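Thank you all for coming. I would like to walk you through one structure this morning, and I will take it slowly for anyone who has not met it before.

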Amino acid sequence: MLNRRFLLFTLFALFNTQFVGALSASSSSSLDNKPSPVPAKSSVKPENLAPVKNLDTTEPKMGSLQPNKPGLPDSVKLLIGAGGIYAAFLYYGSLQEDVFRYVAEDGTSFKQAWFLQVLEALANVVIGFAGMKATGATKGIPLRMFGISGAAQVSAKACTSLALANGLSFPVATLAKSGKM
């Protein structure tokens, strides 16, 4: 059963990533760097102005709906992306429940929630380091704020894991976490 769920989720995630990525790459950007027209009463001499490439006033302004845009509308892409996030989150929760509901032949079950958090944090560091090496480091990042955020995330995940280890279901734990906000 677990292998079947994993396969279905993997196929969904690959489809979602490829589909949304292809749509994003095929659609044109609405943030063109076009020079703005000169105001009517300007003291700037015409010979000092840079040539204006296109003064087409029929093109929609940034933030407006673009009827001639190829591919799916942005709202559909947003729904596909959000659906992928929710699917990944629910699959993660299902795997978490499987870990904590597993009972060995001798009757023992997994209760080391903090060990699981250390493994997840280590995986986050490895993936983050690989991403940083691939895309380059960001200069001037507030490390203290990221440290506080990371500690809060690990603590929240540990509390969720401890709740799962004590028999609470993942959807109920997530609903309780969401309700406190």
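**A patch, a fold and some pairs**

Let me begin on the surface, where Ile141, Leu143 and Phe146 make a nonpolar patch of about 320 Å². Of these, phenylalanine 146 is found in helix α4, which covers residues 143-165. Please keep in mind throughout that what you see is a predicted model.

Stepping back to the whole chain, the secondary structure comes to five helices and zero strands, so that reading along the sequence gives the pattern α-α-α-α-α. Of the 181 residues in the chain, 14% are buried, and the chain exposes about 14,200 Å², with carbon and sulfur atoms supplying 67% of that area. If we take the contacts with a separation of 6 or more, residues 24 or more positions apart account for 77% of them.

I would now like to spend some time on helix α2, which has 28 residues and reaches 40 Å from its first C-alpha to its last, close to the 40 Å expected at 1.5 Å a residue. The buried residues in α2 include Lys77, Gly84, Glu97 and Phe100, and two of these names, Lys77 and Glu97, will come back when I turn to charges.

First, though, the aromatic rings: how many aromatic pairs does a search of the whole structure find? The search finds three. In one of them, the rings of tyrosine 92 and phenylalanine 170 have their centres 6.2 Å apart and their planes at 80 degrees, and the pair is therefore edge-to-face. This pair links distant parts of the chain, since tyrosine 92 sits in helix α2 (residues 74-101) and phenylalanine 170 in helix α5 (residues 170-179), 78 residues apart. Tyrosine 92 is partly exposed, at a relative accessible area of 27%, whereas phenylalanine 170 counts as buried at 5%. Another pair, phenylalanine 100 with phenylalanine 110, is tilted, with 5.4 Å from centre to centre and 55 degrees between the planes. Here phenylalanine 100 lies in helix α2 and phenylalanine 110 in the loop between α2 and α3, so the pair ties together parts that are 10 residues apart in sequence. Finally for the rings, ring pairs link Phe89, Tyr92 and Phe170 into a cluster.

Turning to charges, a search of the whole structure finds three salt bridges. Lysine 77 forms a salt bridge with aspartate 74, the closest N and O atoms being 3.8 Å apart, and, being three residues apart in helix α2, these two are separated by about one helical turn. Lysine 77 counts as buried at 10% relative accessibility, while aspartate 74 is partly exposed at 47%.

Further along that helix, the side chains of glutamate 97 and arginine 101 meet in a salt bridge at 3.5 Å, N to O. Is glutamate 97 buried or exposed? Glutamate 97 is buried, because its relative accessible area of 15% is under the 20% cut-off, and arginine 101, at 53%, counts as exposed. Leaving aside neighbours within four places in sequence, glutamate 97 is in contact with Leu164, Ser169, Phe170 and Pro171, and Phe170 is the ring we met earlier as the partner of tyrosine 92.

The remaining salt bridge joins the side chains of lysine 157 and glutamate 120, at 2.5 Å, N to O. Lysine 157 lies in helix α4 and glutamate 120 in helix α3, so this pair ties together parts that are 37 residues apart in sequence.

Methods: Residues are numbered from 1 along each chain as its sequence is written. This is a predicted model: local features need pLDDT of at least 70, side-chain atom pairs count only at pLDDT 80 or more; totals for chains, interfaces and linings use all residues. Side-chain values use heavy atoms; hydrogens and water are left out. Rings of Phe, Tyr and Trp (its six-membered ring) pair if their centres lie within 6.5 Å; planes under 30 degrees apart count as stacked, over 60 as edge-to-face and the rest as tilted. Helices (H or I, at least four residues) and strands (E, at least two) are DSSP runs, numbered from the N terminus. Buried means under 20% relative accessible area, exposed over 50%, partly exposed in between (1.4 Å probe, protein chains only). Contact means heavy atoms within 4.5 Å. Accessible areas come from the Shrake-Rupley method with a 1.4 Å probe; for residues, only the protein chains shown count as cover. Patches are made of residues with over 30% relative accessible area and no salt bridge: like charges are joined within 9 Å, nonpolar side chains (Val, Leu, Ile, Met, Phe, Trp, Tyr) within 5 Å. A salt bridge is a side-chain nitrogen of Lys or Arg within 4 Å of a carboxyl oxygen of Asp or Glu. The expected span of a helix is 1.5 Å times one less than its number of residues.
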